[in-house]
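User: Hi! I have a protein model open and I'd like some help finding my way around. Could you look at it with me?

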Amino acid sequence: MDKASHLSVILDLSPSQWFFSAQLSPVNPHPLTLKSFISQLLVFLNSHIACKDENTLAVFGALPGRSVMLYASANPVAEEHVEVADANTFRPFKILDSTVVQSILDQLDALGDPEEEAPIGLVGALTKSLCYINRITSPSSSSPARTDEQAPVDPRILVLSVSPDQSSSYIPIMNSIFSAQKLRVTIDVCTIYGPDSVFLQQAAHLTGGSYMRLDRPDALLQYLIMSFLPPPATRQLLSVPTQDKIDFRAACFCHKRIIDIGFVCSVCLSIFCQPVPVCSTCRTKFPIKTLQRLNASRPTAIPSPPRNTSAPAQSLPPNTLGSSHLIGQNGAART
């Protein structure tokens, strides 16, 4: 707990989703506007900086079609973001607030008014945050060497999401999760609006983080302070929310759809929603008899599964080259 903590915050800045989040409806009885979200977020960011002098912070924005870095405590602040000193405000807090707010406004203004909103750049923001963490935790030879008095940094990522899952981003997100595991980076997820995110649930579970879907989005600050402000080392002494059930469904490699029952290549472990004669990833050819047997074993009517499942779908170890397995949401497989 003596380590300094680095926090990378990824903000989902989808204009359409924030428009829906601000609307009062039977499915959204406690709306949250983007203005209120930013106001509560700044208090949380200031709290992280105030917890320890050595704490560092980086803020990334996931916008339609792209991702950008909005703020980094290690980078010099642009002159246009520095406001006149205020005797009633701590200057580092003032610089942080003005820089984040102005950067968000600039990025939203640059979007214009497109006819169709591009997919949110969540994968790009997640990748950039991992690269930034790798840079500050593993300095290069050109960077100044870390002194003995400087404590090592304990990195983590917090994703604030309002957009649903994109099936096409399944593979990049899984690669990001594996990279986070390699770097020992904890990924926390806070879903503010919309349904549960299947991919982000897996990201939080596999990296030892916390996943939370808010029942009261208008009380965002309380959730952030109580659940996501303590670093992972401190959470061992606290009672933080945990995931009772996790949705381990995957997206097929052929149509990029989230599936409940799939067919796994025994050579490269690619997942398909239906039997294929040739694996599109490793080009392995499957026998005709195997395809006929798999087609015959497909259920005629697949019942709707529960929203969350308690066990991931797993494939059996490959016994012979060129065979495939049928997997279901309960982890069973048939060859």
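User: Let's start with Leu-11. Which residues is Leu-11 in contact with, leaving aside its neighbours within four places in sequence?

Analyst: Happy to help! Leu-11 is in contact with Phe-37, Leu-41, Val-59, Phe-60, Gly-61, Ala-62, Leu-70, Ile-104 and Leu-160, once neighbours within four places in sequence are set aside. Please keep in mind that this is a predicted model.

User: Where does Leu-11 lie? And is Leu-11 buried or exposed?

Analyst: Leu-11 lies in strand S1, which covers residues 4–12. Its relative accessibility is 0%, so Leu-11 counts as buried. As a distance to check on your screen, the C-alpha atoms of Leu-11 and Ile-38 are separated by 9.8 Å, although these two are 27 residues apart along the chain.

User: Thanks. What does the secondary structure of the whole chain come to?

Analyst: The protein chain has 9 helices and 12 strands. It has 335 residues, and 43% of them count as buried. The chain exposes about 17,600 Å², with carbon and sulfur atoms supplying 54% of that area.

User: How many contacts join residues at least 24 apart?

Analyst: Taking contacts between residues at least 6 apart in sequence, 67% join residues at least 24 apart.

User: Now the nonpolar core. Which residues touch the most other members in the largest one?

Analyst: The largest nonpolar core has 36 residues, and Ile-10, Ile-157, Val-159, Ile-187 and Val-189 touch the most other members. Several elements each supply at least two residues of this core, including strand S2 (56–63), strand S4 (153–161) and helix H5 (170–183). Helix H4 gives the most, with 7 residues.

User: Where does this core lie with respect to the domains?

Analyst: It lies between domain 1 (5–139 + 151–236) and domain 2 (249–299), because both give residues to it. In soluble globular proteins, nonpolar side chains tend to be buried together.

User: Can we zoom in on Ile-157? What does Ile-157 touch?

Analyst: Not counting residues up to four places away in sequence, Ile-157 touches Ser-8, Ile-10, Leu-126, Ser-129, Leu-130, Ile-133, Val-185, Thr-186, Ile-187 and Asp-188. Apart from the largest core lies another core, of 33 residues, and Val-100, Leu-160, Val-162 and Leu-214 are among them.

User: Changing topic: how many aromatic pairs are there?

Analyst: The count comes to 5 aromatic pairs. One of these involves Trp-18 and Phe-37: their ring centres are 4.6 Å apart and their planes are at 35 degrees, so the pair is tilted. This pair links distant parts of the chain, with Trp-18 in helix H1 (residues 15–21) and Phe-37 in helix H2 (residues 34–51), 19 residues apart.

User: Are Trp-18 and Phe-37 buried or exposed? And how do Phe-19 and Phe-20 pair up?

Analyst: Trp-18 and Phe-37 are both buried. Phe-19 and Phe-20 form an edge-to-face pair, at 5.7 Å centre to centre and with 65 degrees between the planes. Phe-20 counts as partly exposed because its relative accessibility is 41%.

User: I've clicked on Ser-163. Where does Ser-163 lie, and what does its side chain make a polar contact with?

Analyst: Ser-163 lies in the loop between S4 and H5. Its side chain makes a polar contact with the side chain of Asp-12, at 2.8 Å. Ser-163 has a relative accessible area of 13%, so this residue is buried. Beyond its neighbours within four places in sequence, Ser-163 is in contact with Asp-12, Ser-14, Gln-17 and Ile-120.

User: Which residues other than glycine have a positive phi?

Analyst: Arg-184 is one of them, with phi near 60 degrees. Arg-184 is in the loop between H5 and S5, and its relative accessible area of 73% makes it exposed. Arg-283 also has a positive phi, of about 65 degrees. Arg-283 is found in the loop between strand S10 (271–272) and helix H9 (288–297), and with a relative accessible area of 57% Arg-283 is exposed.

User: One last arginine: where is Arg-213, and what does Arg-213 touch?

Analyst: Arg-213 is in strand S6 (residues 211–213). Setting aside residues up to four places away in sequence, Arg-213 touches Thr-191, Gly-194, Pro-195 and Asp-196. A polar atom of the Arg-213 side chain lies 2.8 Å from the backbone oxygen of Gly-194. At 40% relative accessibility, Arg-213 counts as partly exposed.

Terms used: Residues numbered from 1 in each chain as written. Predicted model: local features only at pLDDT ≥ 70, side-chain atom pairs only at ≥ 80, totals over all residues. Heavy atoms only, no water. Phe/Tyr/Trp six-rings, centres within 6.5 Å; stacked < 30°, edge-to-face > 60°. Helix = DSSP H or I, 4+ residues; strand = E, 2+ residues; numbered from the N terminus. Buried < 20%, exposed > 50% of the residue type's maximum accessible area, 1.4 Å probe, protein only. Core = buried A, V, L, I, M, F, W, Y, C linked by side-chain atoms within 4.5 Å. Domains from an automatic or database assignment. Contact = heavy atoms within 4.5 Å. Areas by Shrake-Rupley, 256 points an atom, 1.4 Å probe, with all protein chains shown as cover. Polar contact = N/O pair within 3.5 Å; in protein donor to acceptor, adjacent residues only side chain to side chain.
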